[in-house]
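Q: Could you walk me through this model and say what stands behind each label? I'd like the reasoning, not just the verdicts.

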Amino acid sequence: MPTLLLAALLAQPAPPTPAAPPGPATVPTAAELTEGTHPLNEAGTVLLDRAKKRVVVKGEVCLRRGPLEMLVCLPQTKEHESILKFEGDARSLHAGLVAAGLEPGQPVSFSPAFVPPKGPILDITLHWTDKEGVARSAPGQDWVRTSTDKWYERDLAALPKSVSLPEDLEVRYDPGNKELLWYGRMSEEDRDRALALSTDATFREHILSFYDESQPRPLTANFVFAGSFVYDKPVAYDAEGEVMETVRSYAAEGGEVVCVANFPAATIDIAERSSAEAEGVLYEAATELIPPMGTEVLITFSAKAAENPEKRPAADPSPAAGGRSGEAVDEAFEDAAAVGDGS
C-alpha cells in the first residue's frame, strides 16, 4: 500500500462505538413504591402518594385458578372469585382516589336498560417479587383472561350427510334447536379432527369460529372509578321485623372493590358489559401468569396516562339498590379524603 494512502487512512478518526442497547425498564421496589406515602386506614394497607397522585394498596394473592368476578376484594368476602385481597376497607381506597384528584363516576345500571359504569379511567399495576427475588410488575388486566368454560353455538339446519360425530370430540348437534355445539377451549388437534369430518362449507365455517372464539384472550377493557354508593344498612329490628336502626354504609364493603363483572356496588369496574351470573361469567384467572398463593402484591392506582378524565357527578343509584344520592356519597367521604390532605 502506498505510503501516502496508508498515512491518510491512519489519520482518519476511528468510527464511533455503537451505543449499547437500552436495558430493560426498571421495576420499582416495594420500598420505592411506598416511599413518601401516607396511610389512609388503621391497617396501613391503603397508602396515598400525593406527589405522584396515586394510591398504593398492600394486597396478596388469594386465587390462581377459576372464574372471576373481582380482581381485588376484601377478606372473607369474595376470595373464591377474586385474585387479590387486602386487609382494610373499600372506603379508604375511594377516599384515596378522591384525594389523588379523581372524581367518582357512576356505577353500572341494568334497569330500564343496561348502562355501563363510567368514571375516570385508571391504570392498575401489580408489583411483586418472584421466587428469585426479582421485582416484577404487570398491568392488572394481564392476570385476567376470557373464560372458555361454556357452550358455543351456531345455527345449523342439519348435519352434513355422512357426518358422524365422535363421542370423544366435544362437538355436538342438537336437532331440536337445530344448533351445532362446542364446549370449552378447542385445541388445534380438535379443530383439525372436526374439520376432517366434512367438506361442507357451513359446517367447516362453524368449526373454525368455535376454535377462534374459544381461545382465551387477556382482558382489554378499561378499569374505571365508578364510585359505588352509600346506603342505610339496617342493624336493629323490632319484634315485628320493622327496621329500628340503620347505619350509613359503603356498598363496596361487601367485597366489590375492583370488579371484572359488573356490580352497582363496585368501587372500580370495567367499562364493558360483563355478567355476574354463574352461567355467564366472562373472565377467569390467567393461572400461569399469577405468582403463588399468599404472594404479597403492591397494587398501584392512578389516572390512566395521557388521560384527562372528565369530571362527572357521583352515582345516583336506583331505589332498588338501596342507594343514596351523589351528595350523600360526597359527604360520606369528605372526612376520609381530608386524611389525604394531611388535615
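A: Sure. Accessible areas here come from the Shrake-Rupley method with a 1.4 Å probe. On that footing, the chain exposes about 18,600 Å², with carbon and sulfur atoms supplying 51% of it. Keep in mind that this is a predicted model.

Q: What share of the chain counts as buried, and what makes a residue buried?
A: A residue is buried when its relative accessible area is under 20%. Of the 343 residues in the chain, 43% fall in that class.

Q: How many helices and strands does the chain have?
A: There are six helices and 19 strands.

Q: Why is Trp-182 called buried?
A: Its relative accessible area is 1%, and the cut-off is under 20%, so Trp-182 is buried. Trp-182 sits in strand 12, which covers residues 179–183.

Q: Which residues is Trp-182 in contact with, beyond its neighbours within four places in sequence?
A: Among them are Lys-150, Trp-151, Tyr-152, Leu-169, Asp-190 and Phe-210. Contact takes heavy atoms within 4.5 Å.

Q: What makes the pairing of Trp-182 with Gly-184 a polar contact?
A: A polar atom of the Trp-182 side chain lies 2.9 Å from the backbone oxygen of Gly-184. The limit is 3.5 Å, so the distance of 2.9 Å fits.

Q: How do you know that Cys-73 is in no disulfide?
A: A search of the whole structure finds zero disulfides. For Cys-73, the nearest cysteine sulfur belongs to Cys-62 and is 4.8 Å away. A disulfide needs the two sulfur atoms within 2.5 Å, so Cys-73 doesn't qualify.

Q: And what about Cys-259: how far away is the nearest cysteine sulfur?
A: That sulfur is the one of Cys-73, 9.7 Å away, so by the 2.5 Å cut-off Cys-259 is in no disulfide either.

Q: Are Cys-73 and Cys-259 buried or exposed?
A: Cys-73 has a relative accessible area of 0%, so it is buried. Cys-259 is at 0% as well, so it also counts as buried.

Q: What makes helix 3 mostly covered?
A: Helix 3 spans residues 90–99, and eight of its ten residues are buried. Those buried residues include Leu-93, His-94, Gly-96 and Leu-97. Following helix 3 comes Gly-101, with a positive phi near 100°.

Q: What share of the chain's contacts between residues at least 6 apart in sequence join residues at least 24 apart?
A: That share is 65%.

Technical notes. Residues numbered from 1 in each chain as written. Predicted model: local features only at pLDDT ≥ 70, side-chain atom pairs only at ≥ 80, totals over all residues. Heavy atoms only, no water. Buried < 20%, exposed > 50% of the residue type's maximum accessible area, 1.4 Å probe, protein only. Helix = DSSP H or I, 4+ residues; strand = E, 2+ residues; numbered from the N terminus. Polar contact = N/O pair within 3.5 Å; in protein donor to acceptor, adjacent residues only side chain to side chain.
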